[in-house]
Amino acid sequence: MLSAILGVLSLTSCATVRVSGDAELAPSTAICRQVTEKRYFYLLFGLVPLGNTSTDEIIPKGKKVRVEVKYTVIDFLIGLLGNGCIPTTLMSKTAEVYICEER
């Protein structure tokens with residue numbers, strides 16, 4: 001029973017990425033291309049951020065952008081391998097930034 005609870009907890013998180021920057025949000029009809037991504041790391045299932053969790057430095061200034069924060073396969077593997085070797089409750093999330101143009 002304990003292993004089932006720990007398994008469910010390893011798939012949940014409280015991690016927050018603060019999306020901010022000097023840009024304008026693009027409408028949903030815009031055509032976008034990815035320009036950058038950044039991985040954010042956390043301990044205790046997302047309760048303790050390791051470093052700055054803002055997107056200020058990765059969002060291009062004065063552009064129309066779209067930002068997606070995801071839990072990717074690589075993030076899953078980081079958590080699986082990191083917590084499998086040393087039970088640290090390490091996790092990560094990835095923010096992807098896209099520059100967009102109107103149709």
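Visitor: Which residues does S54 touch, leaving out those up to four places away in sequence?

Guide: This is a predicted model, and in it S54 touches R18, S20 and Y40 once residues up to four places away in sequence are left out. S54 itself lies in the loop between β3 and β4.

Visitor: Buried or exposed, that S54?

Guide: S54 is buried, because its relative accessible area is 0%, and the cut-off for buried is under 20%. A polar atom of the S54 side chain also lies 3.1 Å from the backbone nitrogen of D56.

Visitor: And T55, what does that one touch?

Guide: Not counting residues up to four places away in sequence, T55 is in contact with V17, R18, V19, S20, Y40 and A95. T55 sits in the loop between β3 (48–50) and β4 (64–70), and with a relative accessible area of 0% T55 counts as buried.

Visitor: Let's step back. How many helices and strands does the chain have?

Guide: The chain has two helices and five strands, and along the sequence they follow the pattern α-β-β-β-β-α-β.

Visitor: What's the strand order in the sheet?

Guide: The five strands form an open sheet in the order β1-β4-β5-β2-β3, and the pairing is mixed. The edge strands are β1 and β3, each of which pairs on one side only.

Visitor: Which strands run parallel, and which antiparallel?

Guide: Strand β1 (residues 24–25) and β4 run parallel and are joined by two bridges, with E24 having K64 as its bridge partner in β4. β4 pairs with strand β5 (residues 91–101) in the antiparallel sense over six bridges, while strand β2 (residues 31–43) and β5 are also antiparallel, over 11 bridges. In general, the strands of a sheet pair through backbone hydrogen bonds, in either the parallel or the antiparallel sense.

Visitor: You mentioned A95 as a contact of T55. What stands opposite A95 in the sheet?

Guide: On the β4 side, V69 stands opposite A95 in β5, and A95 is also the bridge partner of K38. A95 is, as said, one of the residues that T55 touches.

Visitor: Changing topic to charges, how many salt bridges are there?

Guide: A search of the whole structure finds five salt bridges. One of them joins E57 and K38, with the closest N and O atoms 2.3 Å apart. E57 lies in the loop between β3 and β4 and K38 lies in strand β2, so this pair ties together parts that are 19 residues apart in sequence.

Visitor: How accessible are E57 and K38?

Guide: Both are classed as partly exposed, E57 at 47% relative accessibility and K38 at 24%.

Visitor: Which residue does D75 meet in a salt bridge?

Guide: The side chain of D75 meets that of R39, at 2.7 Å from N to O. Because D75 lies in helix α2 and R39 in strand β2, the pair ties together parts that are 36 residues apart in sequence. D75 counts as buried at 0% relative accessibility, whereas R39, with a relative accessible area of 24%, is partly exposed.

Visitor: What about E96, which residue is its salt-bridge partner?

Guide: E96 forms a salt bridge with K70, and their closest N and O atoms are 3.0 Å apart. Here E96 lies in strand β5 and K70 in strand β4, so the pair ties together parts that are 26 residues apart in sequence. E96 is buried, with a relative accessible area of 9%, and K70 is partly exposed, at 30%. Salt bridges with shared partners join E68, K70 and E96 into one network.

Visitor: Now the outside. Which residues make the nonpolar surface patch?

Guide: The patch covers about 580 Å² and is made by Y71, V73, F76, L77, L80 and L81. L81 is found in helix α2 (residues 73–85), and this residue is exposed, with a relative accessible area of 56%.

Visitor: And what are the totals for the chain as a whole?

Guide: The accessible surface of the chain comes to about 6600 Å², and 63% of that belongs to carbon and sulfur atoms. Of the 103 residues in the chain, 26% count as buried. Among contacts with a separation of 6 or more, 81% are between residues 24 or more positions apart.

Notes: Residues numbered from 1 in each chain as written. Predicted model: local features only at pLDDT ≥ 70, side-chain atom pairs only at ≥ 80, totals over all residues. Heavy atoms only, no water. Patch = residues over 30% accessible without salt bridge, like charges linked within 9 Å, V, L, I, M, F, W, Y side chains within 5 Å. Areas by Shrake-Rupley, 256 points an atom, 1.4 Å probe, with all protein chains shown as cover. Salt bridge = Lys/Arg side-chain N within 4 Å of Asp/Glu carboxyl O. Helix = DSSP H or I, 4+ residues; strand = E, 2+ residues; numbered from the N terminus. Buried < 20%, exposed > 50% of the residue type's maximum accessible area, 1.4 Å probe, protein only. Contact = heavy atoms within 4.5 Å. Polar contact = N/O pair within 3.5 Å; in protein donor to acceptor, adjacent residues only side chain to side chain. Pairing = 2+ DSSP bridges.
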